[in-house]
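Work through these exercises with the model open beside you. Try each task before reading its solution.

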Amino acid sequence: MAYKYRRRKPISEIAKARSMQGAWRKGTNRTETLSIDDAKEIIKTPPTCQYCLLPIPWQELSLDHGIPKSRGGESVPSNLVWTDKRCNLTKGDLNDTEFKALMKFLNRHPKMKESVMGRLRAGGAVYGRRRTSGRRRRR
């Protein structure tokens, strides 16, 4: 029997907005809410990533703690910024000032930039995972 390709239905604006509300609640440890109107406005006029300075499509929106929680940052709206997923993963536990300085340096050295950014992303993907036990995972 041949597999029949099924098209996905386009995601409605309200579903996108609710998804963003959930991300905001998670980012603030369920203490703050983002109104549905504010979420719709963010979708209509996407914010610019403060690290790579590119507009962020809603599928790539990610909340980032300016001062990481691992370094004492709080989950309050004043410490949260919208970034794209790639920059958030690359930033890791650097604070926003350190990461902006790193990006400024790397923009002056384009050959070095892709290598360093790839390594930071790979490290973030490995070390950003939560471990369920105290033992190291085997590969």
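**Exercise 1: The two sides of H2**

On the face of H2 turned away from its buried side sit the exposed residues Asp 37 and Lys 44. This is a predicted model.

Task: find the buried residues of helix H2 (residues 36-44), and say how they are arranged around the axis.

Solution.
1. The buried residues of H2 are Ala 39, Ile 42 and Ile 43.
2. They cover an arc of only 100° around the axis, so they sit on the same side of H2.
3. An α-helix has 3.6 residues a turn, so residues three or four places apart point the same way.
4. Now look at what this side meets. The buried residues of H2 pack against helix H1 (13-27), strand S1 (61-65) and strand S2 (80-84).

**Exercise 2: The core**

Task: name the residues with the most contacts inside the largest nonpolar core, and the elements that each supply at least two residues of this core.

Solution.
1. The largest nonpolar core has 19 residues.
2. Those with the most contacts inside it are Met 20, Trp 24, Leu 34, Ile 42, Leu 61 and Trp 82.
3. At least two residues of this core come from each of H1, H2, S1, S2 and H4.
4. Take Met 20 as an example. Leaving out residues up to four places away in sequence, Met 20 touches Leu 34, Ala 39, Ile 42, Ile 43, Leu 61 and Trp 82.
5. In soluble globular proteins, nonpolar side chains tend to be buried together.

**Exercise 3: Checking H4**

Task: test the span of helix H4 (residues 96-107), then sort its faces.

Solution.
1. H4 has 12 residues. At 1.5 Å a residue, they should span 16 Å.
2. The end C-alpha atoms of H4 are 16 Å apart, which agrees.
3. Phe 99, Met 103 and Leu 106 are the buried residues of H4.
4. Seen down the axis, these buried residues fall within an arc of 65°, so they line one face of H4.
5. The face turned away from the buried side of H4 carries the exposed residues Thr 97 and Lys 104.
6. Finish at the N-terminal end. Asn 95 caps H4 there, with a side-chain oxygen 3.0 Å from the backbone nitrogen of Thr 97.

**Exercise 4: Thr 90**

Task: is Thr 90 buried or exposed, and which residues does Thr 90 touch?

Solution.
1. Locate Thr 90 in helix H3 (residues 85-91).
2. Its relative accessibility is 2%, so Thr 90 counts as buried.
3. The side chain of Thr 90 reaches the backbone oxygen of Arg 86 at 2.7 Å.
4. Not counting residues up to four places away in sequence, Thr 90 touches Phe 99, Met 117, Leu 120 and Arg 121.
5. Phe 99 is one of the buried residues of H4.

Key:
Residues are numbered from 1 along each chain as its sequence is written. This is a predicted model: local features need pLDDT of at least 70, side-chain atom pairs count only at pLDDT 80 or more; totals for chains, interfaces and linings use all residues. Side-chain values use heavy atoms; hydrogens and water are left out. Helices (H or I, at least four residues) and strands (E, at least two) are DSSP runs, numbered from the N terminus. The expected span of a helix is 1.5 Å times one less than its number of residues. Buried means under 20% relative accessible area, exposed over 50%, partly exposed in between (1.4 Å probe, protein chains only). The arc is that of the directions from the helix axis to the C-beta atoms. A polar contact is a pair of N or O atoms within 3.5 Å; within protein, one must be able to donate a hydrogen and the other to accept it, and residues adjacent in sequence count only if both atoms are side-chain atoms. Contact means heavy atoms within 4.5 Å. A nonpolar core is a set of buried Ala, Val, Leu, Ile, Met, Phe, Trp, Tyr and Cys residues joined through side-chain atoms within 4.5 Å.
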